[in-house]
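Work through the exercises below with the sequence and the model side by side. Each task is followed by a solution that goes step by step.

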Amino acid sequence: SNSDWMRHLSDTTLISEINIPGSHDAAAINTIISTPYACHNYSISDQLKYGIRLLDVRLQISQDGSVYKFKTCHGTLGSGIRVNTFQSFPSLLDECKTFLGNHSAEVILMSLKVDDWSNTTNKADALIDLEALLNNYPTSSQSIIPTLGSVRGKIVLFNRIDNSLSLGVPISWNDNTKGS
């Protein structure tokens, strides 16, 4: 089935040797109405069930006193406007963890990027809290390309935020580039 397509692949296969179906702005979901900010009408759980294994996740980080809140978003619109924000990032990670718990031969690749720093004044502290959040989940971040067998049941993180391995393998590419 689409939910378990990776189980047929050899454990020795490098993840770079697999064509991974992915979804752009994966968490920009609105199941009710179409908006310029929503890219999908299927939940993260449904996308995974249907075979998607690379999630392009954009974050809004906001600050409430010394507490940082992580929401999924698409773009930035400034404070007070919520049409570009979607589910909480912990709820998205919970969906991934549940999926992997039920489909332990699968791997989820996740690209993380901050689209909206909102009212965050201390980005370094916010990223420390983001790392702490990610450490509560079955994540993997290695400086070498892993084999499928070494990351089954895990979320392999790709970091488009900074050059720290603690938030995923650092990668960078320009936004909105055609054909790349």
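The exercises go from the whole chain to a pair of helices and then to single residues.

This is a predicted model, in which local features need pLDDT of at least 70 and side-chain atom pairs count only at pLDDT 80 or more, while totals for chains, interfaces and linings use all residues. Residues are numbered from 1 along each chain as its sequence is written, and side-chain values use heavy atoms, with hydrogens and water left out.

**Exercise 1. The chain as a whole**

Task: State how many helices and strands the chain has, and give the order of its elements from the N terminus on.

Solution. Begin with the count: the secondary structure comes to four helices and eight strands, where helices (H or I, at least four residues) and strands (E, at least two) are DSSP runs numbered from the N terminus. Next, read the elements from the N terminus on, which gives β-α-β-β-β-α-β-α-β-α-β-β. Then turn to burial, where 44% of the 180 residues count as buried; buried means under 20% relative accessible area, exposed over 50%, and partly exposed in between, with a 1.4 Å probe and protein chains only. Finally, take the contacts (heavy atoms within 4.5 Å): of those in the chain with a separation of 6 or more, 65% are between residues 24 or more positions apart.

**Exercise 2. Helix 2 and helix 3**

Task: Describe how helix 2 and helix 3 cross, and find which residues meet.

Solution. Two packed helices are described by the angle between their axes and the distance between the axes. Here the axes of helix 2 (residues 89-102) and helix 3 (residues 123-134) come within 11 Å and cross at roughly 25 degrees; axes are lines fitted to C-alpha atoms, for helices over the stretch in contact, and angles run from 0 to 180 degrees between N-to-C directions. Helix 2 and helix 3 are therefore roughly parallel to each other, given that angles under 35 degrees count as roughly parallel, over 145 as roughly antiparallel, 65 to 115 as roughly perpendicular and the rest as oblique. For the residues, look at Phe89, Pro90 and Leu93 in helix 2, which meet Leu130, Leu133 and Leu134 in helix 3. By class, this contact has six nonpolar residues, with no polar and no charged ones; Ala, Val, Leu, Ile, Met, Phe, Trp, Tyr, Cys and Pro count as nonpolar, Asp, Glu, Lys and Arg as charged, and the others, Gly among them, as polar. As for handedness, helix 2 passes helix 3 in a right-handed crossing, meaning that the near helix is turned clockwise from the far one by less than a right angle (anticlockwise would be left-handed).

**Exercise 3. Thr72 and Thr85**

Task: Place Thr72 and Thr85 in their strands, and list what each is in contact with.

Solution. Thr72 lies in strand 3 (residues 67-73) and is buried at 0% relative accessibility. Leaving aside neighbours within four places in sequence, Thr72 is in contact with Ala27, Val57, Arg58, Asn84, Thr85, Phe86, Gln87, Phe89 and Leu92. Thr85, in turn, is found in strand 4 (residues 85-88) and is also buried, with a relative accessible area of 9%. With the same neighbours left aside, its contacts are Gln60, Lys71, Thr72 and Cys73. Last, compare sequence with space: Thr85 and Ala28 are 57 residues apart along the chain, and their C-alpha atoms are separated by 7.5 Å.

**Exercise 4. Leu167 in its loop**

Task: Decide whether Leu167 is buried or exposed, and find how far its C-alpha lies from that of Glu131.

Solution. Leu167 lies in the loop between strand 7 (155-159) and strand 8 (169-170), and at 2% relative accessibility it counts as buried. Its C-alpha is 6.0 Å from that of Glu131, although the two residues are 36 apart in sequence. Beyond neighbours within four places in sequence, the contacts of Leu167 include Leu127, Leu130, Glu131 and Leu134.

**Exercise 5. Two positive phi values**

Task: Compare the settings of Asp25 and Ser118.

Solution. Asp25 has phi near 45 degrees, a positive value in a residue other than glycine; Asp25 is in the loop between strand 1 (22-23) and helix 1 (44-49) and is buried, with a relative accessible area of 1%. Ser118 also has phi near 45 degrees, but lies in the loop between strand 5 (108-116) and helix 3 and is partly exposed at 34%.
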